[in-house]
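Please open the model in your viewer and keep the selection tool at hand. We will go from stop to stop, and at each one you will hear what to select and what is there.

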Amino acid sequence: MDKKTEIQSRIESGLTEFPICEYAFIDPADLSFSDRVRWVCEHECERYNTSWACPPAVGTVEECRVRCARFTGGFIFTTVSEVEDIENMEETLATRMEHEEVTRQVRDLFRKEKPEELLVLSTESCAICRKCAWPDAPCRHPDRMFPCVESYGIIVPDIAEKYGISFLNGQNVATWFSLILYR
């Protein structure tokens, strides 16, 4: 068993502890980026320009693409949450924090393998602080803050489809994605 497969096997063994729905080890070169995804952040998200986890603080889409290209491996995973009404954003977003905790635990599992560098992207526009320090001061919790996958301009449905991960898991089911890049 080569070193990469050995590390992946150890990580997969540890994943059994978490309520992960689907996952895949990916090649970061397979990530698709689009300024259109960023346009949605800028024009439809109330968190735009309010957090270190969101644009413009994360950099341009091109800067994010270059940052992601430095990594040699990737891991994408989902958790799911049932809600009474998927269109009720308050109810749906309330289930996101459970996913964020799983993301922290999976990140810690990867850290045990001692990669040179990790980049963790998740669902957050970051809700750790009551008011983010952006843009006046550095992030107060850089080790706990995960930028949103979409804030990087990553087209999540593309990578999910390429690796056979379900994007839609039924009516009134929220599917949450996280991406961990490593080298």
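Before we start, one term: a cavity is a set of grid points where a 1.4 Å probe fits but cannot get out. Keep in mind, too, that this is a predicted model.

**Stop 1: the cavities**

Rolling a probe the size of a water molecule over the atoms shows where empty space is left. With a lower limit of 30 Å³, the count comes to two cavities. The largest cavity holds about 110 Å³ of space. Select Cys126, Cys129, Cys132, Ala133 and Cys139: of the 14 residues that line the largest cavity, these are the closest to its centre. Sorted by class, its lining has ten nonpolar, two polar and two charged residues.

Now for the second largest cavity, with about 30 Å³ of space. Select Leu31, Ile76, Val149, Ile154, Val156, Ile159, Phe177 and Leu179, which line the second largest cavity. How many nonpolar, polar and charged residues does this lining have? There are eight nonpolar residues, no polar ones and no charged ones. Helix 6 (156-162) and strand 4 each supply at least two residues of this lining.

**Stop 2: the sheet**

Switch to a cartoon view and find the four strands, which form an open sheet in the order 1-2-4-3 with antiparallel pairing. Which strands are at the edges? They are strand 1 (22-26) and strand 3 (118-121), each pairing on one side only. Neighbouring strands are turned by 15 degrees against each other on average, direction ignored.

Select strand 2 (residues 73-82) and strand 4 (residues 173-182): these two pair in the antiparallel sense over ten bridges. Zoom in on isoleucine 76, whose bridge partner in strand 4 is leucine 179. You have met Ile76 and Leu179 before, in the lining of the second largest cavity. Further along, serine 81 stands opposite alanine 174 in strand 4.

On to strand 1, which pairs with strand 2 in the antiparallel sense over five bridges. Here isoleucine 26 stands opposite glycine 74 in strand 2.

Why can strand 2 be called largely enclosed by the rest of the structure? Eight of its ten residues are buried, so the description fits.

Stay a moment with alanine 174, in strand 4. Buried means under 20% relative accessible area, so alanine 174, at 5%, counts as buried. Select arginine 96 as well: alanine 174 and arginine 96 are 78 residues apart in sequence, and 8.7 Å apart in space from C-alpha to C-alpha.

**Stop 3: the aromatic rings**

Show side chains as sticks. A pair of aromatic rings is described by the distance of the centres and the angle of the planes. This structure holds eight aromatic pairs. One of them joins phenylalanine 75 and phenylalanine 77, a tilted pair with 5.8 Å centre to centre and 35 degrees between the planes. Both phenylalanine 75 and phenylalanine 77 are buried. Now add Tyr23, Phe25, Phe110 and Tyr182 to your selection, and you have the cluster that ring pairs link together with Phe75 and Phe77.

**Stop 4: the largest pocket**

Turn on a surface and look for the largest pocket, with a volume of about 1100 Å³. It is lined by 33 residues, and Met89, Leu93, Thr123, Glu150 and Trp176 lie nearest its centre. Helix 2 (35-44), helix 4 (89-94) and strand 4 are the elements that give two or more residues to this lining. Which of them gives the most? Strand 4 does, with five residues. By class, the pocket lining has 21 nonpolar, six polar and six charged residues.

**Stop 5: unusual backbone spots**

Most residues other than glycine have a negative phi, and most peptide bonds are trans. Select proline 55 and proline 56, joined by a cis peptide bond with omega about 0 degrees. Proline 56 is in the loop between helix 2 and helix 3 (61-69). A cis peptide bond also joins tryptophan 134 and proline 135, with omega about -5 degrees. Proline 135 belongs to the loop between strand 3 and helix 6.

For positive phi values, select lysine 114, near 55 degrees, and asparagine 172, near 65 degrees. Are they buried or exposed? Lysine 114 is exposed, with a relative accessible area of 69%, whereas asparagine 172 counts as buried at 19%. Lysine 114 lies in the loop between helix 5 (96-111) and strand 3, and asparagine 172 in the loop between helix 6 and strand 4.

Key
Residues numbered from 1 in each chain as written. Predicted model: local features only at pLDDT ≥ 70, side-chain atom pairs only at ≥ 80, totals over all residues. Heavy atoms only, no water. Phe/Tyr/Trp six-rings, centres within 6.5 Å; stacked < 30°, edge-to-face > 60°. Buried < 20%, exposed > 50% of the residue type's maximum accessible area, 1.4 Å probe, protein only. Pairing = 2+ DSSP bridges. Axes fitted to C-alpha atoms, helices over the stretch in contact; angles between N-to-C directions. 1 Å grid on protein atoms, 1.4 Å probe; cavity = no way out; pocket = protein on both sides within 12 Å on 5 of 7 lines; lining within 4 Å. Points joined across faces, edges and corners; volume = space filled by probe spheres on them. Nonpolar A, V, L, I, M, F, W, Y, C, P; charged D, E, K, R; others polar.
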